[in-house]
Amino acid sequence: MTKLSTKKCLLMCLVISLVLIVAGAFLFGFLGFNTDSTTQDYTSVEVADNGYMATDSAFRSSLEELCLGEIEGKYAVGNVSYSDFAGTDPHLEFILSEIVGDEEMGTFVEGLESTLSTETYGDTGRTYGEIADISVTYHNAVYAAHYEQVWRAAVAAAVVLVLLFAYVAIRFKVGMGVTSLIAAVHDVLLTLAVVALCRIPAGAPLVCVAVFAMLFSMFLNLKVFGKMRKDFRLEERKDLSAKDAIELSVRESRKGVFIASILAAAAIVVLAVVGIIAGFDLFSFMIAALVAVIACTYSSLVLSPTIYTLIKEKSDAARARKARYDYSSEKANKKNAKVEGNRPEESAGNA
């Protein structure tokens, strides 16, 4: 805010944010969010045996090639994986790119089992079914719509925003409460817009990302406003203008804000890594959450101080006008006017 006036800085921030938010909303209106493939409905075909696949990798590769050819002859296959975790039979899993009805899949599974019982493996003269006790099963994974979750999260977020606004307004000042509220809404919308623009896969975890953006925005703003409130009480800063005082406090708050943002980003990355180890794909959640961290950091150090500078300048100007106003003169004028109004009556009485 040193090189630009407060109004110009606010205008630049709003233009950047509005362009991103409007572009994201426009893209969302036409294409929606990029749906996370891991949360789409799908059909899984599993080919398991009594453990022979685990001991003979060549047999497993041949079996996988045969099954894949049979399945791709009728359906699109999104992913193929092999598992041999302890406590379960070794099995190949074929994820179809669509969900298929039970009757149709039942017929297909029977046909695949028949093929495995008649096709011979290499030059052994024995069929796949004779070499290993192979079974073919399927299951349909159906994900319920997330609309109810979204509405509940939206209502909860609205309640939290009101409570946080009341808390900041009471503990700090009303202007800081208004600024924190604007920043929280801005950060949530900006995060969702960037997710839509960058086509980051989005599913139910995006609701968690939006809530995280709102809470983290409030946390960083409280951190900055707490520093401001402390600095405004210092004798050496009481004579500074609102713009200079706020700018100085924000400059001294940057280190703490950056440390908090880096720690939050590191925690998100660690969570994603743990998810990968545990078998959960949290990569899309990680990217969206990192976008939220960047948006909150930007708003707490640039947007919020600029908005609050305008609010404080108006507040200080109004307070200065009240301080200069001579209430004693107003009382004296009223008293004189009252005396002047009573004089004609007194003259008439004397006459």
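This report walks through a predicted model, from the sheet and the helices packed on it to the nonpolar cores.

**The overall picture**

The protein chain has 11 helices and 4 strands. Of its 351 residues, 38% count as buried. Take the contacts with a separation of 6 or more: residues 24 or more positions apart account for 75% of them.

**The sheet**

The 4 strands form an open sheet in the order E2-E3-E1-E4, with antiparallel pairing. E2 and E4 sit at the edges with a single partner strand each, so one side of each is left without a neighbour in the sheet. On average, and ignoring direction, neighbouring strands are turned by 20° against each other.

Here is how the strand pairs line up, with one facing pair of residues for each.

| Strand pair | Bridges | Sense | Residues standing opposite |
|---|---|---|---|
| E2 (residues 77-83) and E3 | 6 bridges | antiparallel | Tyr82 and Leu92 |
| E1 (residues 42-48) and E3 | 5 bridges | antiparallel | Val47 and Leu92 |
| E1 and E4 (135-141) | 7 bridges | antiparallel | Val47 and Val136 |

Read across the sheet, the table gives a neat little row. Tyr82 stands opposite Leu92 in E3, Leu92 has Val47 opposite it, and Val47 in turn stands opposite Val136 in E4.

**A closer look at E3**

How many of the residues of E3 are buried? The count is 6 of 6, so to speak a clean sweep for residues 91-96. In a regular strand the side chains alternate between the two faces of the sheet. E3 shows that pattern: His91, Glu93 and Ile95 point one way, while Leu92, Phe94 and Leu96 point the other way. Residues on both sides, Glu93 and Phe94 among them, are buried.

His91 is worth a stop. This residue belongs to E3, and its relative accessibility is 14%, which is why it counts as buried; the cut-off is under 20%. What does His91 touch, once neighbours within four places in sequence are left aside? The list runs Glu46, Val47, Ala48, Met53, Ser81, Tyr82 and Ser83. Val47 and Tyr82, both on that list, turned up earlier as residues opposite Leu92.

**Helices on the sheet**

H3 and H4 both appear in the packing around the strands. H3 packs on the sheet by touching E1, E2 and E3, and its direction makes about 25° with that of E3. H4 also packs on the sheet, touching E1, E3 and E4, with its direction at about 155° to that of E4.

The two helices meet each other as well. The axes of H3 (residues 57-72) and H4 (residues 102-118) come within 11 Å and cross at roughly 140°. Angles over 145 degrees would count as roughly antiparallel, so H3 and H4 are oblique to each other instead. Their crossing is right-handed. On the H3 side the contact involves Leu63, Leu66, Cys67, Glu70 and Ile71, and on the H4 side Phe108, Leu112, Thr115 and Leu116.

**The nonpolar cores**

Now for the helices further along the chain. The largest nonpolar core has 45 residues, and those with the most contacts inside it are Met176, Met228, Phe232 and Tyr308. The elements giving two or more residues to this core are H6 (147-171), H7 (174-197), H8 (205-232), H9 (242-278) and H10 (283-324). H8 supplies the largest share, 12 residues.

Met176 gives a feel for how these pieces come together. Setting aside neighbours within four places in sequence, Met176 is in contact with Val168, Phe225, Met228, Phe232 and Tyr308.

A second, separate core has 25 residues, including Ile71, Phe94, Leu96 and Leu112. Some of these names are familiar: Phe94 and Leu96 point the same way from E3, while Ile71 and Leu112 take part in the contact between H3 and H4.

**Ala242 and its surroundings**

Ala242 lies in H9. Is Ala242 buried or exposed? With 7% relative accessibility, Ala242 counts as buried. Beyond residues up to four places away in sequence, Ala242 touches Lys312, Glu313 and Asp316. Phe232 is 10 residues away along the chain, and the C-alpha atoms of Ala242 and Phe232 are separated by 9.4 Å.

Notes. Residues are numbered from 1 along each chain as its sequence is written. This is a predicted model: local features need pLDDT of at least 70, side-chain atom pairs count only at pLDDT 80 or more; totals for chains, interfaces and linings use all residues. Side-chain values use heavy atoms; hydrogens and water are left out. Buried means under 20% relative accessible area, exposed over 50%, partly exposed in between (1.4 Å probe, protein chains only). Two strands pair if DSSP finds at least two bridges between them. A nonpolar core is a set of buried Ala, Val, Leu, Ile, Met, Phe, Trp, Tyr and Cys residues joined through side-chain atoms within 4.5 Å. Contact means heavy atoms within 4.5 Å. Axes are lines fitted to C-alpha atoms, for helices over the stretch in contact, and angles run from 0 to 180 degrees between N-to-C directions. Angles under 35 degrees count as roughly parallel, over 145 as roughly antiparallel, 65 to 115 as roughly perpendicular and the rest as oblique. A crossing is left-handed if the near helix is turned anticlockwise from the far one by less than a right angle, and right-handed if clockwise.
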